[in-house]
Amino acid sequence: MIAKAELRQSLRAALRLLSDGERATASEQARTILREQTVWKEARSILFYAPIAGELDLTPLLAEAVAEGKTAVLPGFVEETAAYEAFAVTDLGRDCLPGKF
């Protein structure tokens with residue numbers, strides 16, 4: 001069985017080889033697969049990530065989750081504690097501002 005760290009490294013390497021267009025297509029395919037999953041359909045709360053260059057973009061699912069009334073959260077850096085915390089997103093324009101990663 002492949003270790004989780006090895007799997008992540010392998011996937012990141014594969015994603016780096018994709019063109020922007022291929023990555024966009026892969027992102028849409030991933031979103032489609034997620035939308036069809038029972039766990040997605042039944043989820044009341046979802047912790048998302050903000051993609052950095054080279055990662056799959058699931059951001060449209062964040063907007064969909066908010067529109068469906070699901071609790072959608074993103075990690076946010078808190079200067080006072082120098083740590084990340086989960087923050088609820090209710091308004092993408094207001095709650096999703098660039099920050100420290």
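**Exercise 1. Find out what share of the contacts between residues at least 6 apart in sequence join residues at least 24 apart.**

Step 1. Keep in mind that you're working with a predicted model.
Step 2. Take the contacts in the chain between residues at least 6 apart in sequence; 48% of them join residues at least 24 apart.
Step 3. Now add some background on the chain. Its C-alpha trace spans about 35 × 35 × 30 Å along the principal axes. Buried residues account for 21% of the 101 residues. The accessible surface is about 7,500 Å², and 58% of that belongs to carbon and sulfur atoms.

**Exercise 2. Work out how many helices and strands the chain has, and in what pattern they follow each other.**

Step 1. Count the elements: you should get 5 helices and 3 strands.
Step 2. Walk along the sequence and write down each element as you meet it. The pattern reads α-α-α-β-α-β-β-α.

**Exercise 3. Describe the sheet: its strand order, its edges and the helix that packs on it.**

Step 1. Start with the order. The sheet is open, has 3 strands in the order β1-β2-β3, and its pairing is mixed.
Step 2. Look for strands that pair on one side only. Those are β1 (45–47) and β3 (83–89), the edge strands.
Step 3. Check the twist: on average, neighbouring strands are turned by 35 degrees against each other, direction ignored.
Step 4. Zoom in on one pair. β2, residues 71–78, runs antiparallel to β3, with 7 bridges between them. For instance, A72 has V89 in β3 as its bridge partner.
Step 5. Add the helix. α4 (residues 59–67) packs on the sheet and touches β1, β2 and β3. The direction of α4 makes about 125 degrees with that of β2.

**Exercise 4. Track down the aromatic pairs and classify how their rings meet.**

Step 1. Search the whole structure; you'll find 2 aromatic pairs.
Step 2. Recall what you need to describe one: the distance of the centres and the angle of the planes.
Step 3. Take W40 and F48. The ring centres are 6.2 Å apart and the planes stand at 80 degrees, so this pair is edge-to-face. The cut-off you need here is that planes over 60 degrees apart count as edge-to-face.
Step 4. Ask how covered these two residues are. W40 has a relative accessible area of 9%, so it is buried. F48 is buried too, at 9% relative accessibility.
Step 5. Move on to F77 and Y84. With centres 5.2 Å apart and planes at 70 degrees, the pair is edge-to-face. F77 stands opposite Y84 in β3.
Step 6. Check their cover as well. F77 comes out partly exposed at 23%, and Y84 is partly exposed at 41%.
Step 7. Go back to W40 for one more neighbour: K70 lies over the face of the W40 ring, 5.5 Å from the ring centre.

**Exercise 5. Decide whether R23 is buried or exposed, and list what it touches.**

Step 1. Place the residue: R23 is in helix α2, which covers residues 20–36.
Step 2. Compare its value with the cut-off. Buried means under 20% relative accessible area, and R23 has 12%, so it counts as buried.
Step 3. List the contacts, leaving out residues up to four places away in sequence. R23 touches L15, R16, L18, G54, E55 and L56.
Step 4. Try a distance too. R23 and G69 are 46 residues apart along the chain, and their C-alpha atoms are separated by 28 Å.

**Exercise 6. Explain what stands out about the phi of A82, and where this residue sits.**

Step 1. Begin with the general rule: most residues other than glycine have a negative phi.
Step 2. Now look at A82. Its phi is positive, about 55 degrees, although A82 is not a glycine.
Step 3. Find its place: A82 lies in the loop between β2 and β3. These two strands form a hairpin with 4 residues between them.
Step 4. Finish with the surface. A82 has a relative accessible area of 56%, so it is exposed.

Definitions and conventions:
Residues are numbered from 1 along each chain as its sequence is written. This is a predicted model: local features need pLDDT of at least 70, side-chain atom pairs count only at pLDDT 80 or more; totals for chains, interfaces and linings use all residues. Side-chain values use heavy atoms; hydrogens and water are left out. Two strands pair if DSSP finds at least two bridges between them. Axes are lines fitted to C-alpha atoms, for helices over the stretch in contact, and angles run from 0 to 180 degrees between N-to-C directions. Contact means heavy atoms within 4.5 Å. Rings of Phe, Tyr and Trp (its six-membered ring) pair if their centres lie within 6.5 Å; planes under 30 degrees apart count as stacked, over 60 as edge-to-face and the rest as tilted. Buried means under 20% relative accessible area, exposed over 50%, partly exposed in between (1.4 Å probe, protein chains only). A charge sits over a ring if NZ of Lys or CZ of Arg is within 6 Å of the ring centre and within 35 degrees of the ring normal. Accessible areas come from the Shrake-Rupley method with a 1.4 Å probe; for residues, only the protein chains shown count as cover.
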